[in-house]
Amino acid sequence: MTELKKRGSQFLHNTYRIVRRLPPSGQVAVILISLVLLTGLFADWLSPHSHVLPSGNALQPPDSRHWLGTDELGIDLWAQICHGARLSIFVGLGTALLAGLGGCLIGILSGYFGGMTDRLIMRLTDLMIVLPDLPLMIVLGVFLGPSLYNIILVLAIFSWTGPARIVRSKILSMKQEKYITVAASYGAGFVHLTTRHFLPGILPLAAVSIIRLTGRAIVAEAGLSFLGLGDPTSKSWGLILNHAVQFKGIYFTEFWKWWVAAPLTAITLLVVAIAMLARASETLANSKL
């Protein structure tokens, strides 16, 4: 238990040091993302009403009881936004980790082995890049069925190419370094070089790629949910928008001011914050390289 606390304290200390080195825009982004993350984690405590059961009149404007108003069923929108934050973070991080780690591994394999392996992987990445993402995502979403796990899988399939190409370029450069050549001459194999040299060398680039993929995945999930391909049992921000715009005459009434504006603002703030963090992290990573 003491060792676990020590490691946790060391992790927080290192995180704090990294955040302090970020430019002001990156620090603001970290604060915004942290607020969204905490909102999702403590959604049950932050929202006094249920996010699935009616707790007021239908289409009730914001007041002291319902801070963001209610939808057409009388369900509190603030509660839906809080729980939607949890889903957005889950989908974003799940997709980014799956695509980022998979793409990094593919890039290492391509850059290290070269030859036919490299050519096959690069042709596959070229094919994935030229394919239209959204139409194929829609087809796969319909084929696999509406589920958060299926959405993560579909998004990861179309997101690994970026990290793979970046990591491959870095590995090709690292292979020319003298310490890599010397280690290989002494019998260091793929596993040793990857764990001891390649992974530490690509860590800054991989971190930036994962951050960027998180924002892209959140937007893509919101888009698929907006089109009705998300999990109908969830309360993601895209699904809230889907229900809102399907309401007849939404823009001829006052309802859009809270029903559409709330999830749209939440998506925009989170994606902008992630983009700011990615830009700041890229600047910090370049200063280390």
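Biologist: How do the residues that line the largest pocket divide into nonpolar, polar and charged?

Modeller: In this predicted model, the lining of the largest pocket has 22 nonpolar residues, five polar ones and one charged one.

Biologist: What makes a residue there count as nonpolar?

Modeller: The class follows from the residue type: Ala, Ile and Leu are on the nonpolar list, while Ser is not on that list or the charged one, so Ser counts as polar.

Biologist: How much space lies in that pocket, and which residues are closest to its centre?

Modeller: About 1,100 Å³ of space lies in the largest pocket. Its lining has 28 residues, and I18, A207, I211, L277 and S281 are the closest to the centre. The elements giving two or more residues are α1 (2-21), α2 (24-41), α4 (77-113), α10 (190-226) and α13 (261-288). The largest share, eight residues, comes from α10.

Biologist: How do you find empty space like that in general?

Modeller: A probe the size of a water molecule is rolled over the atoms, and this shows where empty space is left.

Biologist: What can you tell me about the second largest pocket?

Modeller: That pocket holds about 320 Å³ of space. Its lining is made up of 16 residues, with V36, I81, W237, A266 and L269 nearest the centre. Two or more residues each come from α2, α4 and α13, and α13 gives the most, with six. By class, the lining has 14 nonpolar residues, two polar ones and no charged ones.

Biologist: Why is C82 called buried?

Modeller: Buried means under 20% relative accessible area. C82 has 0%, so C82 is buried.

Biologist: And how do you know that C104 counts as buried?

Modeller: The relative accessibility of C104 is 8%, which is under the 20% cut-off, so C104 counts as buried too.

Biologist: How many disulfides are there in the whole structure?

Modeller: The search finds zero. A disulfide needs a pair of cysteine sulfur atoms within 2.5 Å, so no pair in this model meets that cut-off.

Biologist: Where is S47, and is S47 buried or exposed?

Modeller: S47 is in the loop between α3 (43-46) and α4. With a relative accessible area of 5%, S47 is under the 20% limit and is therefore buried.

Biologist: What makes the pair of A43 and S47 a polar contact?

Modeller: A polar atom of the S47 side chain lies 2.6 Å from the backbone oxygen of A43. The cut-off is 3.5 Å, so this distance fits.

Biologist: Which residues further along the sequence does S47 touch?

Modeller: Leaving aside neighbours within four places in sequence, S47 is in contact with W78, A79, C82 and H83.

Definitions and conventions
Residues are numbered from 1 along each chain as its sequence is written. This is a predicted model: local features need pLDDT of at least 70, side-chain atom pairs count only at pLDDT 80 or more; totals for chains, interfaces and linings use all residues. Side-chain values use heavy atoms; hydrogens and water are left out. On a 1 Å grid over the protein atoms alone, a cavity is a set of points where a 1.4 Å probe fits but cannot get out, and a pocket is an open set with protein on both sides within 12 Å along at least five of seven lines; lining residues have an atom within 4 Å of a point. Grid points are joined across faces, edges and corners, and a volume is the space filled by probe spheres set on the points. Helices (H or I, at least four residues) and strands (E, at least two) are DSSP runs, numbered from the N terminus. Buried means under 20% relative accessible area, exposed over 50%, partly exposed in between (1.4 Å probe, protein chains only). A polar contact is a pair of N or O atoms within 3.5 Å; within protein, one must be able to donate a hydrogen and the other to accept it, and residues adjacent in sequence count only if both atoms are side-chain atoms. Contact means heavy atoms within 4.5 Å.
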